[in-house]
Amino acid sequence: MRLIDIQKMAIHALGKNKIQTALTMLGIVIGVSAVIAMVSLGQGAQKLVQDQVAGMGTNVLQIQGGNGNFAGGARQGADQGQSLTEGDVEAIKQLPTVRLVTPIAQAQGQFVFGNQNWQTRVEGSNENNLEIRGWRLDSGDFFSENDVRTAARVVVLGKTVANTLFPGSDPIGQTIRIRNLPYRVVGVLAAKGQSAQGQDQDDTAMMPYTTVQKKMLGAALPRINRIAVSAVSAQATSAAKDQITNLLHERHGIRANQQDDFRVNNLTEVAEAAEQTTAVMTLLLGSIAAVSLLVGGIGIMNIMLVSVTERTREIGIRMAIGSRGSYIRMQFLAESIILCMLGGLIGVVFGMGLSIGIARFMGWPSYIDPRAATIAFLFSAVTGVFFGYYPAHKAASLDPIEALRYE
Amino acid sequence: MSKAPASVVTLKDVHKIYRTGEVEVHALHGVSLEIKRGEFVAVMGPSGSGKSTMMNIIGCLDRLTSGSYILDGIDVSTMSKNDLADTRNRKIGFVFQSFNLIPRTTALSNVELPMVYAGLSPSVRRERARQALASVGLSAKEGSLPNQLSGGQQQRVALARAIASEPALILADEPTGALDTKTAEEIMKIFQQLNRERGITIVIVTHEADIALHALRIVRFRDGLIQEDRLIQPDDDILSLQHPLEAAHS
């Protein structure tokens, strides 16, 4: 018997009972489209986290000052302390696991240009901050080491600030006023979008930390809120954290039974945890969807078993006029495989539409992975074989005499 | 078909025992029978006489318990299931009481079906199926579905399906059992025509004497044995073909 005739027979048999075929297929369509929609949304979330992690900079550690025990027992919150010094920055720079380091001094300010004004935060750092934090420039330049040394009044604007103060014009080279002092705009940062917490990361500005300390704050004690460090590699971040902790214990004279006056955060660890969480979520969503595919498969098996019983006499006729048992098995197997593959194909298209739709209307990120679509489709074909085999085998092992007698 | 053997069916001392649990049923008690090419045999006998078992064995649907069966020169007594299926496909054309066409499938496709299993190309089988339908006078109905055809027409499609692959033997099990007298007569005329004009060997199981009269030879079964085996004579009639015991009852 020719293979093409088996296929034709299977298609003919499926066509005889269109409603039953469509309903059976629906189970697979729903299963496959659910898998694709869920995996797309999960992977969209994963990609979002990855983008944000990339936006945090490469292998970043942050050292926050404060939270120390001071004479009299008064405590300070993180970022408020003045426990970090230029000396700490210089010492951390010497560590073998550390590639780049910058002190960070923060301030707030009302930015004014012409009749526009905007309140934003200012992050003071050295010239390495751009690279450590993974920012890119949209236009212009970042400030130089010389600007840091001389506490030059230069500013690099975040995209939101630039758009607000300079709607439709080029801010580079313009002079804005902050706390009544003029600052020259040297560059504009490329947009980063929202952070994981929903903050607008582009609502910011950058300056040399010396400028923030001396020109904006003008405090008696030059304050360093944080130190940002880029380790030499992702693997080195844990070692760098330990080395920095030991170094600062030594420099700050903290004994074993005393509380630290600083805190080291390994952002890479945080990022990894976040990525793992979304990966687990994707897997979970995918598994739940896979259960519906399984239910669809069981539906196929059920219908195929009913179909074998319904067509017992027909099977007897086919056997009498010379069909081998194996041809009967192939025909029924072909029916369930065609059913599942067709359902799988419709499911892939439907699932893609669904995930694009959800992404549109809910504003969720969605990423259609062609691998996931292929796997879901192949899985539906495998479902056809798996759940079609038993009914097909049952049909093939019927006794022709008994089958012909069946009413 | 250059060296076709003269005998289509040769049964030697065939026994058939059915085992259902503890009980053994002896359906055939050593049947020997020879049917030659071109014969038209009517198999008669009351129910339980073993004629159905006999037909199943001749039709390669069932295997014998002991003895031997040569079909068209091939020993089929010890064949595997797959070989039996292939043999049915090539050597035997079945006609059943209830027509047994595949539902929702056109007459032409039904006639083609044995040739599909034989692996013939679509053009060859279409051609042969059309010829077979023409020889039973149903060319006009090739696109009709079984439920659009009358009983007589359905049986003619079944006949076309049986002869399309040019089998050595046509086995008909009560082919007129579901038809009215007039249609039954028409069907029997076609059987006779096929036998006379094309030399097709035919075996018909029936319990109606007037149907058996269309054949050339009668084989009567009783209690798993052949009770009577003779050629039908020109002076035979319905009464003479009825078994004395059955005749007494009717």
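Tutor: Let's start with one cut-off: a residue is buried if 20 or more other C-beta atoms lie within 10 Å of its own. Keep in mind that this is a predicted model.

Student: Okay, let me try that on A:Asp5. Is A:Asp5 buried or exposed?

Tutor: Count its neighbours. A:Asp5 has 21 other C-beta atoms within 10 Å, so by that cut-off A:Asp5 is buried. You'll find A:Asp5 in helix H1 of chain A.

Student: How far apart in space are A:Asp5 and A:Arg149?

Tutor: Go from C-alpha to C-alpha: the two are 84 Å apart in space, with their positions 144 residues apart in sequence.

Student: What does the radius of gyration say about chain A?

Tutor: The idea is to set the radius against what a globule rule gives for a chain of that length. For chain A the radius is 33 Å, and the rule gives 22 Å for 407 residues, so chain A is more spread out than a compact globule. The box along the principal axes fits into that picture: roughly 105 × 55 × 35 Å for the C-alpha atoms of chain A.

Student: And what is chain A built from?

Tutor: Chain A has 13 helices and ten strands. Of its 407 residues, 45% count as buried. If you take the contacts in chain A with a separation of 6 or more, 80% are between residues 24 or more positions apart.

Student: Where in chain A is the pLDDT below 50?

Tutor: Begin with the whole chain: the mean pLDDT of chain A is 87, and 95% of its residues reach 70 or more. The stretch you're after is residues 68-74, where the pLDDT is below 50. Beyond near neighbours in sequence, that stretch has seven contacts in the model.

Student: Now chain B. What does the same rule give there?

Tutor: For the 250 residues of chain B the rule gives 18 Å, and the radius of gyration is 18 Å, so chain B is as compact as a globular protein of that length. Its C-alpha trace spans about 45 × 40 × 40 Å along the principal axes. Chain B comes to nine helices and ten strands, and buried residues make up 46% of the chain.

Student: How do I check the span of a helix, say H6 of chain B?

Tutor: Use 1.5 Å a residue. Helix H6 of chain B (residues 181-198) has 18 residues and should span 26 Å; its end C-alpha atoms are 25 Å apart, which agrees.

Student: Which residues of that helix are buried?

Tutor: In H6(B) they are B:Ala184, B:Ile187, B:Met188, B:Phe191 and B:Leu194. Look down the helix axis and these buried residues fall within an arc of 115 degrees, so they line one face of H6(B). The face turned away from that buried side carries the exposed residues B:Lys182, B:Lys189, B:Arg196 and B:Glu197.

Student: What covers the buried residues of H6(B)?

Tutor: The cover includes helix H5 (151-164), strand E8 (201-205) and helix H7 (209-212) of chain B. Just after the helix, look at B:Gly199: it follows H6(B) and has a positive phi, near 65 degrees.

Student: Last one: how many residues does each chain give to the contact?

Tutor: Interfaces are often sized by the accessible area lost when the parts come together. Here we count residues instead: 16 from chain A and 21 from chain B. On the chain A side, the elements giving two or more residues are helices H1 (3-16), H10 (312-320), H11 (325-362) and H13 (400-405). The largest share, four residues, comes from H10(A). By type, the chain A side divides into eight nonpolar, three polar and five charged residues.

Technical notes
Residues numbered from 1 in each chain as written. Chains lettered and ligands numbered in written order. Predicted model: local features only at pLDDT ≥ 70, side-chain atom pairs only at ≥ 80, totals over all residues. Contact = placed C-beta atoms within 7 Å. Nonpolar A, V, L, I, M, F, W, Y, C, P; charged D, E, K, R; others polar. Expected span 1.5 Å × (residues − 1). Buried ≥ 20, exposed ≤ 12 C-beta atoms within 10 Å, placed from the backbone. Arc of directions from axis to C-beta. Rg over C-alpha atoms; globule rule 2.2 N^0.38 Å. pLDDT = per-residue confidence, 0-100.
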